[in-house]
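Okay, hi everyone, let's get going. I'll put the picture up and then walk you through it piece by piece.

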Amino acid sequence: MSAPEESRPDRSRPDRSSYRHWRTATTRWSDDDVYGHLNNARYFDLIDTAVNAHLAEATGTDIRRLPAIGVVAEVSCRYFAEMGYPRPIEMGLAVERLGTSSVIYRVGLFQGDPDAEGALASAEGRFVHVYVDNSAPDRPVTAVPEAIRSAVAPLLLD
């Protein structure tokens with residue numbers, strides 16, 4: 001049995017207004033696969049980079065050295081249109097949910113003219129960080145550090 005229509009997440013192709021923070025990545029010849037489009041593994045590199053580069057820049061610290069660190073609990077990608085070398089990729093970042101011990105990000109990947117084919121996302125990633133105590137050997141789940149919370153709160157979607 002499927003969920004009622006009103007409880008299903010929006011699965012439409014997002015546009016640029018769906019994101020709060022932007023950065024640009026260059027593409028390289030080696031990013032394309034044998035079919036002439038961006039290799040699937042590169043999408044996940046871009047998603048990871050969009051999130052962690054923002055955290056490092058917004059906190060002004062090496063996030064790997066915080067007492068609590070975000071470990072990836074889930075990552076996925078929906079593909080809408082091909083991307084590839086040699087055009088740059090614009091990465092839009094937003095926070096879908098900021099919880100007590102986790103953050104759910106959305107990362108839109110856009111390529112092309114923002115007023116034409118690049119107005120809609122070519123792909124969208126979902127990236128979940130769960131925070132753990134980095135000083136404990138068994139790394140128990142802990143609260144999102146205040147420095148991280150302050151860095152991601154402005155990215156929250158309405």
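Before anything else, one word I'll use a lot: two residues are in contact when they have heavy atoms within 4.5 Å. And keep in mind that what you see is a predicted model.

With that word in hand, let's start at Ile148, which sits in helix 2, residues 146-152. What does Ile148 touch, not counting residues up to four places away in sequence? The list is Leu55, Thr59, Ile63, Leu66 and Tyr131. Is Ile148 buried or exposed? Buried means under 20% relative accessible area, and Ile148 comes out at 1%, so it counts as buried. Here's another way to place this residue: Ile148 and Ala68 are 80 residues apart in sequence, yet their C-alpha atoms are 9.8 Å apart in space.

Okay, let's zoom out. How many helices and strands does the protein have? There are 2 helices and 5 strands. If you read along the sequence, the order goes β-α-β-β-β-β-α. The radius of gyration is 17 Å, and the globule rule gives 15 Å for 158 residues; those are close, so the protein is as compact as a globular protein of that length. If you prefer a box, the C-alpha trace spans about 45 × 45 × 30 Å along its principal axes.

What about the inside and the outside? Of the 158 residues, 39% count as buried. The accessible surface comes to about 8,800 Å², and 51% of that belongs to carbon and sulfur atoms. Now for contacts over the whole chain: take those between residues at least 6 apart in sequence, and 73% of them join residues at least 24 apart. For charges, there are 17 positive and 23 negative side chains, and the centres of the two sets lie 3 Å apart.

Next up, aromatic rings. A pair of aromatic rings is described by the distance of the centres and the angle of the planes. The structure holds 6 aromatic pairs, and I'll show you two of them.

One pair is Tyr19 with Phe110: the centres are 5.7 Å apart, the angle between the planes is 80°, and the pair is edge-to-face. Which parts of the chain does this pair tie together? Tyr19 lies in the segment before strand 1 (21-25), while Phe110 lies in strand 4 (residues 102-110), so the pair ties together parts that are 91 residues apart in sequence. Tyr19 has 5% relative accessibility and counts as buried. Phe110 has 0%, and counts as buried too.

The other pair is Tyr43 and Tyr79. Over 60 degrees between the planes counts as edge-to-face; here the planes are at 85° and the centres 4.8 Å apart, so this pair is edge-to-face. Tyr43 is in helix 1 (residues 40-59) and Tyr79 is in strand 2 (residues 68-79), so to speak of distance along the chain, they're 36 residues apart. Tyr43 is buried, at 3% relative accessible area, whereas Tyr79 is partly exposed, at 39%.

Going back to Tyr19 for a second: ring pairs link Tyr19, Trp22 and Phe110 into a cluster.

While we're looking at strand 4, have a look at Ser102, which is found there. Its relative accessible area is 14%, and it is buried. Leaving aside its neighbours within four places in sequence, Ser102 is in contact with Arg97, His129, Val130 and Val144.

Last stop: two spots where the backbone is worth a look. Most residues other than glycine have a negative phi, and most peptide bonds are trans. Now, which two residues does a cis peptide bond join? They are Tyr85 and Pro86, with omega at about 15°. Pro86 is found in the loop between strand 2 and strand 3 (89-98), and at 57% relative accessibility it counts as exposed. From Pro86 to Ala119, which is 33 residues away along the chain, the C-alpha atoms are separated by 18 Å.

The other spot is Arg139, where phi is near 45°, a positive value in a residue other than glycine. Where is Arg139 placed? It's in the loop between strand 5 (123-133) and helix 2. Arg139 is partly exposed, with 40% relative accessibility.

That's my tour, thanks for listening!

Methods
Residues are numbered from 1 along each chain as its sequence is written. This is a predicted model: local features need pLDDT of at least 70, side-chain atom pairs count only at pLDDT 80 or more; totals for chains, interfaces and linings use all residues. Side-chain values use heavy atoms; hydrogens and water are left out. Helices (H or I, at least four residues) and strands (E, at least two) are DSSP runs, numbered from the N terminus. The radius of gyration is taken over C-alpha atoms; the globule rule is 2.2 Å times the number of residues to the power 0.38. Buried means under 20% relative accessible area, exposed over 50%, partly exposed in between (1.4 Å probe, protein chains only). Accessible areas come from the Shrake-Rupley method with a 1.4 Å probe; for residues, only the protein chains shown count as cover. Lys and Arg count as positive and Asp and Glu as negative; His and the chain ends are not counted. The place of a charge is taken as NZ of Lys, CZ of Arg, CG of Asp or CD of Glu. Rings of Phe, Tyr and Trp (its six-membered ring) pair if their centres lie within 6.5 Å; planes under 30 degrees apart count as stacked, over 60 as edge-to-face and the rest as tilted.
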